[in-house]
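Here is a note for a colleague who is new to reading structures. Please keep the sequence and the 3D view open while going through the points.

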Amino acid sequence: MGDGQNDDDGRVGVSVQARTMVKRPSMYRVLMLNDDYTPMEFVVHVLERIFNKSHDEATEIMLKVHHRGVGVCGVFTFEVAETKAGQVMDLARRNQHPLQCTIEKE
């Protein structure tokens, strides 16, 4: 009997399913800020360790931080970005460096 379902009174009905639209989470850039005291080698180490960058990628980002004053380490959901920025700050403090990291909405 057609594409629908039969009701008790003989009419044909159509089943409708509501689709839930899932919104993609907002993304955040993790930014590393330049200072005059943190060694470049330490910045490269942080980028390799925390952001899983290759040595070449880490060096490129470190040079952007050094020359432009800020560099993008990566783009993540809020929770991941916040965690990674905190890991950078903790590692810098443990090694007595004033390295700063922040996040901004993309």
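The numbered points below start with the whole chain and then turn to single elements and residue pairs.

1. Overall make-up. This is a predicted model. The chain contains 3 helices and 5 strands, and along the sequence they come in the order β-β-β-α-α-β-α-β.

2. Surface and interior. The chain has 106 residues, and 30% of them count as buried. Its accessible surface is about 7800 Å². Carbon and sulfur atoms make up 48% of that surface.

3. Contacts along the chain. Take the contacts in the chain with a separation of 6 or more: 69% of them are between residues 24 or more positions apart. Several of the points below give single cases of residues that lie far along the sequence from their partners, including Tyr28 with Phe78, 50 residues apart, and Arg29 with Glu106, 77 residues apart.

4. Helix α1, length. Helix α1 covers residues 40–51, which is 12 residues. At 1.5 Å a residue the helix should span 16 Å, and its end C-alpha atoms are indeed 16 Å apart, so the expected and the modelled values agree. Just after α1, Asn52 has a positive phi of about 55°.

5. Helix α1, buried side. Which residues of α1 are buried? They are Phe42, Val43, Val44, Val46, Leu47, Ile50 and Phe51. The cover over these buried residues includes two strands, β3 (27–33) and β4 (70–77). It also includes two helices, α2 (55–68) and α3 (78–94).

6. The loop before α1. Asn34 sits in the loop between β3 and α1. Its relative accessible area is 35%, so Asn34 is partly exposed. Beyond its neighbours within four places in sequence, Asn34 is in contact with Val65, His66 and Gly69. For one of these, His66, the separation is 32 residues in sequence, while the C-alpha atoms are 5.8 Å apart in space.

7. Aromatic pairs. How many aromatic pairs does a search of the whole structure find? There are 2. One of them joins Tyr28 and Phe78 edge-to-face, with 5.2 Å from centre to centre and 70° between the planes. Tyr28 belongs to strand β3 and Phe78 to helix α3, so this pair ties together parts that are 50 residues apart in sequence. The two rings fall into separate accessibility classes: Tyr28 has a relative accessible area of 17% and is buried, whereas Phe78 has 32% and counts as partly exposed. The cut-off for buried is under 20%.

8. A nonpolar patch. Met27, Val72 and Val75 form a nonpolar patch on the surface. Together they have about 200 Å² of accessible area. Val75 is placed in strand β4, and at 33% relative accessibility Val75 counts as partly exposed.

9. Salt bridges, between distant parts. The count of salt bridges comes to 4. One of them links Arg29 and Glu106, whose closest N and O atoms are 3.6 Å apart. Arg29 is in strand β3 and Glu106 is in the segment after β5 (100–105), so the pair ties together parts that are 77 residues apart in sequence. Arg29 is partly exposed at 22% relative accessible area, while Glu106 is exposed at 55%. Both residues also belong to a network of salt bridges in which Arg29, Glu104 and Glu106 are linked.

10. Salt bridges, within helices. In helix α2, what separates Lys64 and Glu60 along the sequence? They are 4 residues apart, which means about one helical turn. Their side chains meet in a salt bridge, 3.7 Å from N to O. Lys64 has 33% relative accessibility and counts as partly exposed, and Glu60 is also partly exposed, at 47%. In helix α3, the side chains of Asp90 and Arg93 meet in a salt bridge of 3.2 Å, N to O. These two are 3 residues apart, so about one helical turn separates Asp90 and Arg93. Asp90 counts as partly exposed at 37%, and Arg93 counts as exposed at 55%.

Key:
Residues numbered from 1 in each chain as written. Predicted model: local features only at pLDDT ≥ 70, side-chain atom pairs only at ≥ 80, totals over all residues. Heavy atoms only, no water. Expected span 1.5 Å × (residues − 1). Buried < 20%, exposed > 50% of the residue type's maximum accessible area, 1.4 Å probe, protein only. Contact = heavy atoms within 4.5 Å. Patch = residues over 30% accessible without salt bridge, like charges linked within 9 Å, V, L, I, M, F, W, Y side chains within 5 Å. Areas by Shrake-Rupley, 256 points an atom, 1.4 Å probe, with all protein chains shown as cover. Phe/Tyr/Trp six-rings, centres within 6.5 Å; stacked < 30°, edge-to-face > 60°.
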